[in-house]
Amino acid sequence: MPGQLLELKITPPPLQPRLLPRPKLLELLNSELMSNGSFHRKLTLVTAPAGYGKTSIVRQWLAEHSERVAWYSLDDTDSDPSRFWLYFLSALGKVAPVGQSTLQTLSAPSLSQMSIDRDKLIGLLNELANLETPLFLVLDDFHLIEDQTVSDNLAFLIERLPPTVHIVVITRYDPDWPLAHWQAKRHLLTLSQSYLRFSDQEAATLFNDVPLGRN
């Protein structure tokens with residue numbers, strides 16, 4: 001586990017200077033999201049193959065909340081549980097004073113193989129519940145996570161999120177989570193490729209006028 005974090009991984013990517021306006025998608029993402037400073041749903045899942053503008057639409061959606069957005073861009077080394085949770089907590093720590101004791105534990109060289117357990121997650125949930133201002137946490141390219149314990153522990157966290165936190169997962173395929181159950185409880189909004197696919201008019205505008213954004 002490297003001792004130094006790559007800051008770029010926990011920094012939101014810059015907004016493209018000429019993003020294609022997609023007001024219908026933004027309206028869908030904002031629908032039944034929050035009221036009176038609390039989130040109604042816990043998770044927004046943006047799922048589609050490469051090239052559908054997943055990161056771009058999320059970045060555009062959250063631009064007005066930039067000071068309260070924690071962002072974690074994953075790569076193929078982040079399946080290591082210690083590494084995942086170190087970056088996860090570091091991303092959160094950039095926008096809220098939470099998870100710092102666990103973060104220090106994970107950062108200790110002598111405990112480089114230590115992961116996070118359910119007791120630590122419960123402690124983190126209690127800290128998140130005490131936040132005065134709600135925040136977003138974006139996990140970009142989550143399909144690169146192959147470790148099942150990371151996925152299971154994150155599902156445990158999502159199911160118990162307080163209304164002060166909303167998680168956005170950007171992925172090329174659905175995680176192995178109880179998505180149908182979450183959908184039935186109105187805890188989840190899924191933005192799939194059928195929504196992200198450009199209309200003929202949007203495609204013409206994209207290729208004629210707007211530089212391509214990230215996936």
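So, K9 and D75: their side chains meet in a salt bridge, with N to O at 3.2 Å. Keep in mind that this is a predicted model. What I like about this pair is where the two residues sit. K9 is in the segment before α1, D75 is in the loop between β4 and α3, and they are 66 residues apart, so this contact links distant parts of the chain.

How buried or exposed are the two partners? K9 has a relative accessible area of 5%, and buried means under 20%, so K9 counts as buried. D75 comes in at 25%, which makes it partly exposed.

Now, K9 has another partner. D78 also forms a salt bridge with K9, and there the closest N and O atoms are 2.7 Å apart. D78 is in that loop between β4 and α3 as well, so this pair ties together parts 69 residues apart in sequence. Here both residues, D78 and K9, are buried. And if you follow the shared partners, K9, D75, D78 and R83 join into one network of salt bridges.

For the overall tally, the model has 7 salt bridges. Another one of them is D117 with K120, at 3.7 Å between the closest N and O atoms. D117 is partly exposed, with a relative accessible area of 35%.

Okay, on to helix α3, residues 81-93. Does the length add up, or what span should we expect for its 13 residues? At 1.5 Å a residue you'd expect 18 Å, and the end C-alpha atoms are 18 Å apart, so that agrees. At the N-terminal end, D80 acts as the cap: one of its side-chain oxygens lies 3.2 Å from the backbone nitrogen of S82.

How enclosed is α3? Well, 12 of its 13 residues are buried, so the rest of the structure largely encloses this helix. Among the buried ones are R83, which we just met in the network, along with F84, W85, F88 and L92.

Hold on to F88 and L92, because they come back in my last topic, the cavities. The count there is 2 cavities of 30 Å³ or more. The second largest holds about 30 Å³ of space. Which residues line the second largest cavity? They are F88, L92, L128, L137, L157, L161, V165 and I167. Two elements, α3 and β6, each give two or more residues to that lining. By class, the lining has 8 nonpolar residues, with no polar and no charged ones.

Key. Residues numbered from 1 in each chain as written. Predicted model: local features only at pLDDT ≥ 70, side-chain atom pairs only at ≥ 80, totals over all residues. Heavy atoms only, no water. Helix = DSSP H or I, 4+ residues; strand = E, 2+ residues; numbered from the N terminus. Expected span 1.5 Å × (residues − 1). Buried < 20%, exposed > 50% of the residue type's maximum accessible area, 1.4 Å probe, protein only. Polar contact = N/O pair within 3.5 Å; in protein donor to acceptor, adjacent residues only side chain to side chain. 1 Å grid on protein atoms, 1.4 Å probe; cavity = no way out; pocket = protein on both sides within 12 Å on 5 of 7 lines; lining within 4 Å. Points joined across faces, edges and corners; volume = space filled by probe spheres on them. Nonpolar A, V, L, I, M, F, W, Y, C, P; charged D, E, K, R; others polar. Salt bridge = Lys/Arg side-chain N within 4 Å of Asp/Glu carboxyl O.
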